[in-house]
Amino acid sequence: MKEHAELLSSVRDDITDFKTSGSMSPRMQLLRERAAIHGNISHIDDVISQAQATRAVLGSQRTLFTDVQGKVKGLGDKFPMIRSLLGSIRRRRSRDTLILSAVIAACTLFLIIYWLSK
């Protein structure tokens, strides 16, 4: 919300500057535009750095989950009871996914029928 308010205030300032720029020299107008472009570029750089940081964190999480998955698989290979427990978890997850998919499909179908009936 803070960024939204800052954006609105900067747009208002730009509109005010544009209205009063009739008396400004072309050189001053170019300097003002250059400053606005520089501000936008710095905002873009901030967004890109945030995206790169997010990418790095997601990569480390992927590595962590891969390591955990390998350890659980190794544990399942050593102990048959754990392997059967992992199999039942996998089957339940598949069943839950199918049920959720069916519910979403039914809701979508009813929504389309309702939309077409209006």
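I will talk about the two largest pockets in this predicted model. Local features here need pLDDT of at least 70, side-chain atom pairs count only at pLDDT 80 or more, and totals for chains, interfaces and linings use all residues. Residues are numbered from 1 along each chain as its sequence is written, and side-chain values use heavy atoms, with hydrogens and water left out.

By pocket I mean, on a 1 Å grid over the protein atoms alone, an open set of points where a 1.4 Å probe fits, with protein on both sides within 12 Å along at least five of seven lines, and a lining residue has an atom within 4 Å of a point. Points are joined across faces, edges and corners, and the volume is the space filled by probe spheres set on them.

The largest pocket has a volume of about 540 Å³, and among its 16 lining residues Leu7, Ser10, Gly39, Asn40 and His43 lie nearest the centre. Helix 1 (2–20) and helix 2 (26–78) each give at least two residues to this lining, helices being DSSP runs of H or I with at least four residues, numbered from the N terminus. Helix 2 supplies the largest share, ten residues. By class, the lining holds five nonpolar, five polar and six charged residues, where Asp, Glu, Lys and Arg count as charged and Gly as polar.

Turning to the second largest pocket, its volume is about 350 Å³, and of its 13 lining residues Gln69, Val72, Lys73, Leu86 and Arg90 lie nearest the centre. Two or more lining residues come from each of helix 2 and helix 3 (80–117), and helix 2 gives the largest share, seven residues.
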